[in-house]
Every structure is written in structure tokens, then in C-alpha cells.
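Student: I would like a close look at a single part of this protein before I plan my reading. Could you walk me through it?

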Amino acid sequence: MTLPEVSGDIAFVTGAASGFGLALSKELVSRGASVIMTDINEDGCKKAAAEINEKAGKNAVIAVKADTTCFEDQVAAYELGKETFGRVDYFFANAGIGEQHWIPLFDPTTSRPITKPNMTTLDVTLNGQLNTASLAFQVFERQEPNTRTGFRGKLVITSSIIGIWPCKGLPMYSTAKAGVVSFMRTMAGYYGDKAITVNLIAPNITATSVVPPRFLALFDDDYVCPLELVIEQMISVLGSCKDNGRAICISGKETWDHTQHDAMFEKNRVQFEKMEYEFGKWMGLWE
């Protein structure tokens, strides 16, 4: 695959101390881009940034501590990045955590009191990404298009194949990852004519430091996604690429676009689009 030119562009990456975020930051720098690396793990992020800068022979990245559930943290990271690099062309809503028990396990003999659900997974993996998206859209509308690409900016969201195919063993994670799929599609539709693109990557299990080796060992090699392929797909929608509204799925070495259309959607299209228009008008999105 011939990937878009990103040299001279600036990216804002959440969850950049490890996994996809770290691999993406390294690859972007190798292609001439600069990166604002953010992570709640401040020490890990700063260590990774120092190693990237040393290899690049210049200050190609900065590391900023940011809890994605705190919008103000992300704004502060952006402001520092803008002061350092001038603008941000790409936002990657990438940070997330795995499943946390949200309610006690089912036990029909229980006498325990009813307890409040644990929404930590949604707070980080859904709401944290929405914070990043909110920042991205507000930044993009305040800056002129990139003179090389013609775009005000591009948002790329990290979802999961579990957001496409729900997993009953991971209810909160599935909910979070499915939520950003629908969010991406609505935002791509709204911002598509504003020189802004929104796309999403939904990989299957990938060999990163956040996946325990004993867990990876349960799956065939042709089922696990190569990290390099995931990063390649993230970069494929950058630069001058006009793609918008794509849910790019990856399983093993296969990639495909998951589309929302089916026979029943087509049957209901006219009324659905009428509803979409009327609600959007009511919300002030258009006249």
C-alpha cells in the first residue's frame, strides 16, 4: 500500500505510551510528522518520547500527561502542542482500557445489596474518546486548511472488532467500541463537507504490550492482527486522502470496510433520512 504523505504534519495521539499509540507515534515520526504524545502514564510517555527524539535526532515529539476522561487535560495538552508545533492536523482518539466488572456476577442465591454499576470502562473507552473528538472538531473549525492537503483536519478513532461483533464476555468494552462506530458515522456525515474527515479502525486481537502473552497464545497466528498492519490502516486515511466515514476492520492480515447498509435500512431509507433531517434542523445543525 502506498500511504499518504504526512511529512511536516502534526498529530495529537492519546494513549501514546504503549500499544497502538506508541507504534503510531514512532511511524508518524519516521515519515516526517511531529507528534503530541499524551498518556495518563506520564513517566512512560516521557520515556518513549525521549527515545523517539533521540532516534530522530531532533525534537519531533513532546510528551504530555493527560487523563482523557478530563477534557481540561486534553485542552492543556493541545495548547502546549500548538505552542510547540503551530497546529494539529490529525487527532487520534486512541486511549482506552479493557473490561472492568460493571456489576457483580450473576448469582440467583445472592443476598448482597444492590450496588451501583462500575462505569470505568465507558468513562475511559467511550467518554474519553468523545472528549478527544470534541477537542478535535473545535480545533479544526478554528484553523485554516492545511495548504498541502486542503483539509482543516482529520479525526481517526480506535475501535475494535468487538464493536462490530458484540462479545458477551466484554459487555462494557463492546458497548464502548460499538458506541464510537455509530458516533464516527454521524460525525463523518456532518463534517464531511467542512474539509474535515472522520474515520475509524476496528482491529481484532493484536500483539501489543497490553495483551497478555498467555492470552495471545490461545489464538492462531492468522487470527491475530500484525501491529504494522493496524498502524498502516491508521495512516492510510491521512494526508490528502479523501476517505470519510470508513469503519476499517482488521482480522489477521485481512482488512475490509464494515458498512451500515442492509435490506431493512434500504427499505426505511426515505423515512430515516427525513427523521435525520428534521431532528438536525431542530438541533440547529442546518436550516
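What does Cys70 count as by its relative accessibility?

Tutor: Happy to help. This is a predicted model, in which local features need pLDDT of at least 70 and side-chain atom pairs count only at pLDDT 80 or more, while totals for chains, interfaces and linings use all residues. Residues are numbered from 1 along each chain as its sequence is written, and side-chain values use heavy atoms, leaving out hydrogens and water.

Cys70 counts as partly exposed, at 24% relative accessibility; buried is under 20% relative accessible area, exposed is over 50% and partly exposed is in between, using a 1.4 Å probe and protein chains only. The closest cysteine sulfur to that of Cys70 belongs to Cys45, and because it is 16 Å away, it is too far for a bond. A disulfide here is a pair of cysteine sulfur atoms within 2.5 Å, and the count comes to zero. Cys167 is also partly exposed, at 28%, and its sulfur is 15 Å from the closest cysteine sulfur, in Cys225, so that pair is too far for a bond.

For a contrast with Cys70, take Val198, which is buried at 0% relative accessible area. Val198 belongs to strand S6, residues 196-203; strands (E, at least two residues) and helices (H or I, at least four) are DSSP runs, numbered from the N terminus. Leaving aside residues up to four places away in sequence, Val198 touches several residues, including Phe137, Met184 and Met187, where contact means heavy atoms within 4.5 Å. Met184 is 14 residues from Val198 along the chain, with 6.2 Å between their C-alpha atoms.

Phe137 and Met187 also lead us to a pair of helices, as Phe137 is one of the H4 residues that meet H5, and Met187 is among those on the H5 side. By class, this contact has twelve nonpolar, five polar and one charged residues; Ala, Val, Leu, Ile, Met, Phe, Trp, Tyr, Cys and Pro count as nonpolar, Asp, Glu, Lys and Arg as charged, and the others, Gly among them, as polar. H4 (residues 120-140) and H5 (residues 171-191) pack at about 15°, their axes 8 Å apart. Axes are lines fitted to C-alpha atoms, for helices over the stretch in contact, with angles from 0 to 180 degrees between N-to-C directions. H4 and H5 are therefore roughly parallel, since angles under 35 degrees count as roughly parallel, over 145 as roughly antiparallel, 65 to 115 as roughly perpendicular and the rest as oblique.
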